[in-house]
There are 2 protein chains.
Amino acid sequence: MRLSRYFLPILRETPKEAEIASHRLMLRAGLLRQQAAGIYSWLPLGLRVLNKITTIVREEQNRSGAVELLMPTIQSAELWRESGRYDAYGKEMLRIRDRHDREMLYGPTNEEMITDIFRAYVRSYKDLPLNLYHLQWKFRDEIRPRFGTMRSREFLMKDAYSFDLDQEGARHSYNKMFVAYLRTFARLGLKSIPMRADTGPIGGDLSHEFIILAATGESEVFCHRDVLDTPIPPADTDFDDVAHLQSIVDKWTSVYAATSEMHDEAAFAAIPDDKKVSARGIEVGHIFYFGTKYSEPMKATVTGPDGHERPVHMGSYGIGPSRLVAAIIEASHDEAGIVWPDPVAPFDVALLNLKPGDSATDDACGHLYRALGLRGRDVLYDDRDERPGAKFATADLIGVPWQILVGPRSLSEGKVEVKRRATGERELLSIEDAVVRVAG
Amino acid sequence: MRLSRYFLPILRETPKEAEIASHRLMLRAGLLRQQAAGIYSWLPLGLRVLNKITTIVREEQNRSGAVELLMPTIQSAELWRESGRYDAYGKEMLRIRDRHDREMLYGPTNEEMITDIFRAYVRSYKDLPLNLYHLQWKFRDEIRPRFGTMRSREFLMKDAYSFDLDQEGARHSYNKMFVAYLRTFARLGLKSIPMRADTGPIGGDLSHEFIILAATGESEVFCHRDVLDTPIPPADTDFDDVAHLQSIVDKWTSVYAATSEMHDEAAFAAIPDDKKVSARGIEVGHIFYFGTKYSEPMKATVTGPDGHERPVHMGSYGIGPSRLVAAIIEASHDEAGIVWPDPVAPFDVALLNLKPGDSATDDACGHLYRALGLRGRDVLYDDRDERPGAKFATADLIGVPWQILVGPRSLSEGKVEVKRRATGERELLSIEDAVVRVAG
């Protein structure tokens, strides 16, 4: 992409309304624009990051056997009356009356609707297990939305819902998502820690939050250092192997890790001092098993092998990609701007033409742009008529992992400068070596 | 995908509420579920088609130089007061009050918001031309929603907005979208005809509808037969070549083509009888140039080369992917079910195991499933414990382009049957030949 043809509105000033680093950086780096309190437009660069995240989330959901569908944003109040949550949900639910004065709402979550879909079609245990997920915008009318997309009113959520004949099956479905989440966050370039969680208003008795560590995190977390080195289950993990999946979950959950709400001082005190980690974290995922909480009132039943009907056991599993963009920035930025982990970076390479109009730099940049494109790398080519200083600052601010600086001086020696954003390391390389360095 | 692990709820009975073929077939083939009047869930098979369509739409928008972003669904009423449309829009606008009693709405379209984004960042003609698009769910509170996703209340739209310094530039931006739309519909397997259109409530003085022919289409259309054979601009069309793009548009628009609203009896009468086409069609895209209609009241101005500020010239360009799914079915189905054009089919191949549990058919199916997967084909493998008749009916109903039937009888001669859904042609082939036949 040539920057001269792109839409990347960089802000020179730090927006006053932004209280945390990720919000400031998302506004400054042209990722985001606020349209109303807690409601944002995703500008092109931000959307690219969001899409990188959702692609990885989808791949890992699919790998675990979950099946994607898409539910609408607007729901009927009737469904929520069936579960009893219409009145219970409170002011966070955005309630709407349509032109016929029917009570509707903007979905804050989808337990009711997915249960409705399930009961419409599934009758037999033979069609289980089933895990259905979607990626859809949700709305929660927070009283005081702030922190940008970390806590916005309109936000993107991946929510998955599992259906099983009994608790034992549901436990396996839960474990599949547990493993899928470990893999998802690792692939996003994050170190996530599953922590036993309070089940809160969703109910049920088994729940984990996935927390990533970030100095600016919202909550205090406590864990044994070993949990940080526990290996991530590989891509070829057999999700049908019940015992193996349970052993992975057991391994992760046998090591102490808790948020302040669930913190056990005594258990933490028993950890050797050099293994104690007390830090700040950000919740990026949450999984629940809640049994028949919705299937019972909503009559989502299946016939078991014995011919008897029974309510299905359900779980729900959420990841917020729009929140993750902010969380990743909180975990990975410096004074100069964002430092994207490679897997979620909006572009792989920023190519800086330090003297546009000079035929040598133009040619070298053109060659690099094509060569990297052919190798499947997404390149943002800064071909604008701007001072080198402004280009350096923009490239650092937007945090693309690699920068290639093409100026007349080094080019006269047949070299370009390759800079790694995360470390600041610079190398003078020939054009061909630069391609290999960046594109492998 | 193994069907035993998928979620494909086929309906045996024809749903009574569905008045048109596409709606009936989308419900029966497990593509769609109604959640409220004019509000639908996209079941897994339907979502796959929707995604195939949006991928092609995106590729052609990007090819033409448009840049993707993503605006939120909920908008502030204030913005719409600036353009004067908040009061003018009427009851089709879903109006919402949030917990602080602020007036909001569910966006039915995005002219106001994109103009707001533009004016926030762009100051100079040097940043033009610019075309920004997004794919987002919209809501129009139709008084009597019907015909499934052909006219739903919550629907997906790709809307692009162009910004130019003057009318001449805007005309070129318009032509880019004109060509992008021709390419988009052709790639979707559709024959589309651009027809001069009334500009309606959006205003402006240059507009075309893109219509596809379907016997069950909603509107009457009239055209010269030659328009059906006009060549589609190739992938390497230079979108920066102003004169060339104008010549493509001129070629397409010089031949008579009109909907009944814009029909000119005299002009049609002048066409030789063997060239007259009078048929029914479905609108699948709509493009508008509307000058400074929004930029003037909303003060979206840029400084020209002469240093003077002036309002930008704008156009908007819409395609409804959720409507397209229905339109494609209207244009392509038979008694037995849907007949997907290859580029939008939810799967490439339906693989029917006619005797699951038989080791020979299981092995042959397993081999075919893997071999086709390795060649990049999406296979829906019907491994369910069902009668062959039910499998044939399902495969025909869901309309996947190729079927491979694997039964013990033909397999004893080392053969499987390959069926082309569109023509019903069948061939007995060896397993290896079947792979080549289907996967090229």
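## Two interfaces in a predicted model

The side chains of Asp116(A) and Arg33(B) come together in a salt bridge, at 3.0 Å from N to O; the term covers a side-chain nitrogen of Lys or Arg within 4 Å of a carboxyl oxygen of Asp or Glu. Bear in mind that this is a predicted model, where local features need pLDDT of at least 70, side-chain atom pairs count only at pLDDT 80 or more, and totals for chains, interfaces and linings use all residues. Residues are numbered from 1 along each chain as its sequence is written, chains are lettered from A and ligands numbered from 1 in the order in which they are written, and side-chain values use heavy atoms, leaving out hydrogens and water.

That pair sits in a wider picture: the rule finds six salt bridges across the interface of chain B and chain A. By class, the side of chain B that touches chain A has 33 nonpolar, six polar and 16 charged residues (Ala, Val, Leu, Ile, Met, Phe, Trp, Tyr, Cys and Pro are nonpolar; Asp, Glu, Lys and Arg are charged; the others, Gly among them, are polar).

Now for chain A on its own. A domain assignment, automatic or from a database, splits chain A into domain 1 (3-338) and domain 2 (347-439). Their centres, taken over C-alpha atoms, are 37 Å apart. Here is how the two interfaces line up, with buried area being the accessible area (1.4 Å probe) that two parts lose on being put together, summed over both, contact meaning heavy atoms within 4.5 Å.

| Interface | Residues in contact | Buried area | On carbon and sulfur |
|---|---|---|---|
| Chain B and chain A | 55 from chain B, 55 from chain A | about 4700 Å² | 61% |
| Domain 1 and domain 2 of chain A | 15 from domain 1, 14 from domain 2 | about 1300 Å² | 60% |

On the domain 1 side of chain A, Leu3(A), Arg48(A) and Ile338(A) lose the most area to domain 2 of chain A, together 41% of what that side buries. The rule finds two salt bridges across this domain interface. Arg421(A) pairs with Asp334(A) in a salt bridge, with the closest N and O atoms 2.7 Å apart.

Away from those interfaces, have a look at Ser173(B), which lies in helix α6 (residues 167-187) of chain B; helices are DSSP runs (H or I, at least four residues), numbered from the N terminus. Ser173(B) is buried, at 5% relative accessible area, where buried means under 20% (1.4 Å probe, protein chains only). Setting aside neighbours within four places in sequence, Ser173(B) is in contact with Pro129(B), Ser162(B), Asp164(B) and Tyr317(B).

Methods: Helices (H or I, at least four residues) and strands (E, at least two) are DSSP runs, numbered from the N terminus. Buried means under 20% relative accessible area, exposed over 50%, partly exposed in between (1.4 Å probe, protein chains only).
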